[in-house]
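Student: I'm new to this one and could use a guide. Please choose a single part and take me through it closely, in plain words.

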Amino acid sequence: MDQKHEMAVSKMRELVETQGIPTQKCLDQTFLRFLKAKSMNPEKAAKMFVEREKWREEFVPLGFIPESEIADQLGDKKIYLQGLTKIGQHPFLICISSRHFTSASKDPLQFKKFIVYLFDKAIASSFNEGKEIGNEKIMAAVDLKSFPYKSIDARGFTITFNLLKAYYPGRLGKMYMLNAPGFFVSFWRMFSVFLDKDIQERIIFVSSEKEKESFIKEIGGEILPEENGGQSKLIAVQDVIIHSQINDPMS
């Protein structure tokens, strides 16, 4: 971290502490993610961090989302946590979109809890010896094979990206769209204009053979499911055992 970043982090810590939030356990890299999300403005980054802390205290009072509260979402077995990518050693989530239905996001509270559960568990799965570095990123893929038009869920995408933007800045590495039918590409062109430019740039459609080769190389055939050119079996996210403490994966 260079001197400019160190000064910004120090200032942000000071501003956060003046609002009664202790920062001893908060990592510099965590603060740096918030700073980058706010163009290195300590005041705006501190405000974002404090809002995130207050939200976390209210929305995740136990420090984690109990699986019993999202049983319906987990029962669909649509999200899988495959391990760490070959390049970067990032946790890799894959969604089998044909198993997702628009009704899933009609209960916004449960759907938000489901997304927080996914983010927290994925991040914690990449901790080094049970400890967070502070800049862990999630890699994800959405497999749109056999995806029906009626299952397009703009509400679900909106909830997911709003949570990322507000409470998980800098956490999304890339999100790959696999086997996308033409109608979904058209939908995405209209929907993505409402996303931040930073998020837009992290969404990658994989269609050509060259793009598929690059995707497999980055993720790694060892963790990619057979259906997507790898050698692994799908591992439902709820079946993955995290040996480190999940609780709050940001502090």
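Tutor: Let's start with the salt bridges, since they lead us to the part I'd like to show you. There are 14 salt bridges in the structure, which is a predicted model. One of them pairs the side chains of R13 and D28, with 2.9 Å from N to O. R13 sits in helix α1 (residues 3–17) and D28 in helix α2, so this pair ties together parts that are 15 residues apart in sequence.

Now for the part itself, the place where two domains meet. The domain assignment splits the protein chain into domain 1 (3–60) and domain 2 (67–239). Their C-alpha centres are 26 Å apart. Where they touch, 13 residues of domain 1 are in contact with 17 residues of domain 2. Together the two domains bury about 1,200 Å² between them, and carbon and sulfur atoms give 65% of that. On the domain 1 side, keep an eye on R33, W55 and F59: these three supply 51% of the area that domain 1 buries against domain 2, more than any other three residues.

What about charged pairs here? Between domain 1 and domain 2 the count is one salt bridge. To find it, look at R56 and D120, whose side chains meet in a salt bridge at 2.5 Å, N to O. By the domain bounds, R56 belongs to domain 1 and D120 to domain 2, and that makes their bridge the one counted between the domains. Polar contacts show up here too, with four residue pairs counted between domain 1 and domain 2.

Which helices bring domain 1 to this meeting place? α2 (28–37) and α3 (42–59) each supply at least two residues to the side that touches domain 2. The biggest share comes from α3, with six residues. Sort that side of domain 1 by class and you get seven nonpolar, two polar and four charged residues.

Before you leave, here's a detail elsewhere in the chain. Strands β1 (residues 79–84) and β2 (residues 91–96) run antiparallel and are joined by four bridges. Across that pairing, Y80 stands opposite I94 in β2. The hairpin has six residues between its strands, and in it G88 takes a positive phi near 95 degrees.

How values were computed: Residues numbered from 1 in each chain as written. Predicted model: local features only at pLDDT ≥ 70, side-chain atom pairs only at ≥ 80, totals over all residues. Heavy atoms only, no water. Domains from an automatic or database assignment. Contact = heavy atoms within 4.5 Å. Buried area = accessible area lost by both parts, 1.4 Å probe. Salt bridge = Lys/Arg side-chain N within 4 Å of Asp/Glu carboxyl O. Polar contact = N/O pair within 3.5 Å; in protein donor to acceptor, adjacent residues only side chain to side chain. Nonpolar A, V, L, I, M, F, W, Y, C, P; charged D, E, K, R; others polar. Pairing = 2+ DSSP bridges.
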